[in-house]
Structures are given as C-alpha cells and as structure tokens.
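Q: Please take a close look at one part of this model. I would like the helix surroundings first, then the unusual backbone angles.

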Amino acid sequence: MAKRLGREVGVVGLGCWQLGSDWGQVDESDALAVLHGAVDTGVTFLDTADVYGDGRSETLVGRFLRERGDAQLTVATKMGRRLDQVPENYTRENFRAWNDRSRANLGVDTLDLVQLHCPPTAVYSRDEVYDALDELVADKRIAAYGVSVERVDEALTAIARPGVASVQIILNALRQKPLEQVLPAAAEAGVAIIARVPLASGLLSGRYTAATTFGADDHRTYNRHGEAFDVGETFAGVPFEVGLEAVERLRALVPAGATMAQFALRWIVDLPQVTVVIPGARNDEQARGNAAAADLAPLGEQVHAAVREVYDELVRPHVHDRW
C-alpha cells in the first residue's frame, strides 16, 4: 500500500472513461455489466472523471455503488477539464463547484480520491492549488487528492508535494519512461502510482491490424495526431503502424494460456512500485479477463528484458523524449 493513499486496493482496477464517451457507444446495461463483472472478479478500484460523457461515467458509477452497497470500493475521480485549460481556472471556487458536482453524480459526501485532470504544467507548481486541495480534505469533501499527468517532469513536481497521495501516468510496454525516475521517486515518497492507458488504447490487446478502423466518435479515429487532446492518450502516442509491429514482436513472449492483453497487464503488475493498473473494458468478458491478469505468474527477468529490447528498438525513438 502506498502510505499517502491510506487504503489497500487490488492491483488491477477498472478505468471508466469508456463508460462515458470517446470510445463509441456503450449502453447503460453494458456499462453496469462491466462494473459488476470487474468487481465480481475482485476489482476494488474504479477510476472515472467529471468530463467522461459530461458526468455520465460518474453517474453510472454512482448508480453501481448504490447497487453494490456492500463492496469495499475505492472510487477515484478527476476534475479540471470542464473549463479552458489555463492555470487561472484552477481556483478554490472552481474546485468546490466541481467537487459538489462529482459528489452529487457519485452520490457520496466524501470522495475517496480526486485527481487534477492533466492540467497545464504550471498548475503543478502553484502553492495556492495545493492549499485549496488541502482545504477540501480538511472539510471532508475529499479523503485524498492526487494528480493525473502527461509528463514525467509534472509527476516529479507533484510527488515533491507532501499532500499528493497519487500520481496517474501513462505506463505500458510501449511507454516505459516512468520506470527511470517516476516509479522510484513515488515509492520513496509513499505516493501511489496509478498506471493508465495500460493496453495503449487496445493496441496491446493484439486484436488490431493495419486494416482495423474505429468509429468517427472514437478518439482512436479523431485524436490520432492529437487533434482533440494530448496524443499520448491515443495508442500511448505510438504511431499505429509502429505499435502493430511492436505487438507482433511481443506476441511471442505471451505465456501459454494467457491473452496478449493479460500479458501486457501482467508486465505492469510485475513492477513493484505500481499500486494499481486501470484498463478499461467494454463488456463483462473483457472486465473479467483483465482482472485475471493479476493471477498470472510473474513474467520473469528474461521476458522483461525482451520487452525492453522491443521498446528500445522500435518504440523509444517515437515516444521517449516527448513526455
């Protein structure tokens, strides 16, 4: 357990972005089936945000919490992207308004964890931002706060702040830079690491080919070059064709009886500094398959070395110095 977070969570959680928007349509019954399937398989950490479907994801998670009142769940949400992305909008007043909305959507008095949602870099260095977050904790509006970041330097700036409980960062076999400094710094400080985009927007599921197309309302179509938000959120910033080539190389490393997706998740679970990894799922079967990755045997040093080699040869030149 990362001591600043102050709670135990299962190492495989559930990302709930796709329950709101940006991944094509997911209807309400499917969304609830995903949540039930994940929790039935031992997931205890759910990650959402106030802008996913303009509150739809939070509201569905809130409905699920009422249906599963007995489950010992930790729900993390995010705030900060309801207004223009300028540092001046990260104010005490806006925090309280966003906080009120998320508490209403989720149906709780105290939010377990609230993360600043990939704000402008300058926000991470502002004392008044952390003062306002500390106030939310003191008022019992939130139990803890963290940050979701795009860049390694943002993560390191946040980890140095004593009140930051968690850092959410893109981390997968195709995005390995956080292993160098962020993971060791977080472990030393007792800060939780939440690994997002663990399957590189599905690339690491091994199900895509050069002929695969995605819907017009799917960010894997409309954000492939960063048109709508940071391109690192889409295929982890790896050019699609490069990602496909890397996946073909990695496929040979998948242990018997495991899926490519489970292998990719197990690679992250093997990293001792990672608190929880948050794959998304569009249906009950995917949710259960992802959760089962925690039951795979550790991959071993030879496999990790082979994954590093694929990253260094194919992927590093495209992503390593950008974030």
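A: What follows covers two helices and two loop residues.

This is a predicted model, where local features need pLDDT of at least 70, side-chain atom pairs count only at pLDDT 80 or more, and totals for chains, interfaces and linings use all residues. Residues are numbered from 1 along each chain as its sequence is written, and side-chain values use heavy atoms, with hydrogens and water left out.

Start with helix α9, residues 260–269. Helices (H or I, at least four residues) and strands (E, at least two) are DSSP runs, numbered from the N terminus. In α9, 10 of the 10 residues are buried, so this helix is largely enclosed by the rest of the structure. Buried means under 20% relative accessible area, exposed over 50%, partly exposed in between (1.4 Å probe, protein chains only). The buried residues include Arg 266 and Trp 267. Their cover includes β7 (192–196), α8 (240–251), β8 (276–277), α10 (284–291) and α11 (301–319).

Helix α2 spans residues 56–67. Its buried residues are Ser 57, Glu 58, Leu 60, Val 61, Gly 62 and Phe 64. They pack against α1 (28–40), β2 (45–47), β3 (74–79) and α3 (92–106); contact means heavy atoms within 4.5 Å.

Now the backbone. Most residues other than glycine have a negative phi. Ser 201 has a positive phi of about 55°. Ser 201 sits in the loop between β7 and α7 (219–222), and is buried at 6% relative accessible area. Lys 140 also has a positive phi, near 60°. Its loop runs between α4 (127–138) and β5 (145–148). Lys 140 is exposed, at 60%.

Note on methods. Expected span 1.5 Å × (residues − 1).
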